Amino acid sequence: MRQIVTTKNGGIDVLQVQDAPDPQAGASEVVVAVKAAGLNFADILARQGLYPDGPKKPCVMGYEVAGIVEAVGAEVDPAIVGLPVIAMTRFRGQAEKVVVAERQLIEKPQSLSFEQGAAIPVNYITAYALLVAMGGLQKEESVLIHNAGGGVGLAALDIAKKIGATTYGTASPSKHEFLRARGLDHPINYRTQDWLPILKELTNDRGVELVIDPIGGAHWKKSYAALRHTGRLGMFGVSAASANGFAGKIKLIKAALQMPRFHPLGLLNKNRGVFGLNLGHMWHEPEKVMEWVAAVMAGVSEGWIRPHVDRAFPFAQVGDAHSYMEARKNIGKVILVP
Ligand SMILES: NC(=O)c1ccc[n+]([C@@H]2O[C@H](COP(=O)([O-])OP(=O)(O)OC[C@H]3O[C@@H](n4cnc5c(N)ncnc54)[C@H](OP(=O)(O)O)[C@@H]3O)[C@@H](O)[C@H]2O)c1
């Protein structure tokens, strides 16, 4: 089979499509023939050497796939061979075949293409955990979604719309028209102006009840300042560090140094909460994650979860796919297809 290998830290030239032996399923596992694999910002940070959770290089990245069950281990019902599935993968998903534990499989609804299926796990489970499980967003509340036009951003918008909350979102201006059509109430250009005074003006100086922030560093301080009393800040990424080589290391150190320190008395007197989320550190809590998956898949059948695939790149063009995302061109999900 063919697989995408991140051979070492660096620019897109370190990405190679290589041949590898077909993987074999263990007793409680299945082999999925991959039709579509998700690309995530974490894959870019991993390539840049800025993602501590990534495997040792050379490695095959990939947290999510959609495909067809090709073979099963001794303890798995062989009747599922041929079943179209979506699966969360702890890496190695960006390959023609991947082995996953049977319990990580989700049956792919017919209403979704394989590409849409592969756009579900990381983006929607992250967004569900941020907005519902940890953020507790309510109908009469408002939420600020940073990078609203990205993969997690669009997923969060679907969920916030379903809840009925008022939605604010920062995004590059080229994405605003699309975001309005998807239901975002207040798109804010954050690229050429400061978004905080604009948000304050839009909210009569009150701020919002929930902010989800994947940018990190000093940006978390600013997002905290955007909270209304009873507001919560969900921190879940450090996009601010993204850069190749030495520049990335410097940006990561800068982001770490500029992170806010939250004092209990400050939280108490301002009636605020802060929380973090790292889905990659939830593998030991499968019951919780599968509960979130069930809620998201119910949303697919009810029609309010609408995974949007921007572009699908063949494996051979994986470098272009990384560049596309790094250049902020994607609206929603970028997919890799064998
Ligand atoms: N903690 C978790 O469990 C978890 C899970 C999933 C994702 N995440 C994090 O969530 C964020 C979004 O992930 P995603 O996979 O959905 O990606 P994405 O949002 O589709 O990523 C690309 C978008 O991010 C925005 N962006 C902001 N700063 C950027 C920068 N320095 N370089 C390039 N783009 C930048 C751009 O949108 P604009 O054009 O609007 O600027 C760009 O289009 C990432 O930080 C990721 O690490 C965390």
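The expected span of a helix is 1.5 Å times one less than its number of residues. Keep that yardstick in mind as you look at this predicted model, because two of its helices can be checked against it. Helix 10 covers residues 286-302, and helix 4 covers residues 151-163. After these two helices, we turn to a cavity that helix 4 helps to line.

**Helix 10: one side in, one side out**

- With 17 residues, helix 10 reaches 24 Å from its first C-alpha to its last, close to the 24 Å expected.
- The buried residues in this helix are V289, W292, V293, V296, M297, G299 and V300.
- These buried residues lie on the same side of helix 10, because they cover an arc of only 150° around the axis.
- Look to the other side of helix 10 and you will find E287, E291, S301 and E302 exposed.
- The partners that the buried residues of helix 10 pack against are strand 5 (84-88), strand 7 (105-107) and helix 3 (121-134).
- Just past the end of helix 10 comes G303, with a positive phi of about 95°.

**Helix 4: mostly covered**

- The 13 residues of helix 4 should span 18 Å at 1.5 Å a residue, and the 19 Å between its end C-alpha atoms agrees with this.
- Ten of the 13 residues in helix 4 are buried, so this helix is mostly covered.
- Those buried residues are G151, V152, G153, L154, A155, A156, L157, D158, I159 and A160.
- The cover over them includes helix 3, strand 8 (142-145), strand 9 (166-171), helix 5 (176-181) and strand 11 (208-213).
- Right after helix 4, G164 takes a positive phi of about 100°.

**The cavity**

- Rolling a probe the size of a water molecule over the atoms reveals where empty space is left.
- How many cavities of 30 Å³ or more does a search of the whole structure find? The search finds one.
- The largest cavity has a volume of about 50 Å³.
- Its lining is made up of A119, N123, Y124, G151, L154, A155, P307, H308, G332 and K333.
- Helix 3 and helix 4 each supply at least two residues of that lining, and helix 4 gives the most, with three.
- Sorted by class, the lining of the largest cavity has five nonpolar, four polar and one charged residues.
- Among the lining residues, G151, L154 and A155 also appear in the list of buried residues of helix 4.

Technical notes:
Residues numbered from 1 in each chain as written. Predicted model: local features only at pLDDT ≥ 70, side-chain atom pairs only at ≥ 80, totals over all residues. Heavy atoms only, no water. Helix = DSSP H or I, 4+ residues; strand = E, 2+ residues; numbered from the N terminus. Buried < 20%, exposed > 50% of the residue type's maximum accessible area, 1.4 Å probe, protein only. Arc of directions from axis to C-beta. Contact = heavy atoms within 4.5 Å. 1 Å grid on protein atoms, 1.4 Å probe; cavity = no way out; pocket = protein on both sides within 12 Å on 5 of 7 lines; lining within 4 Å. Points joined across faces, edges and corners; volume = space filled by probe spheres on them. Nonpolar A, V, L, I, M, F, W, Y, C, P; charged D, E, K, R; others polar.
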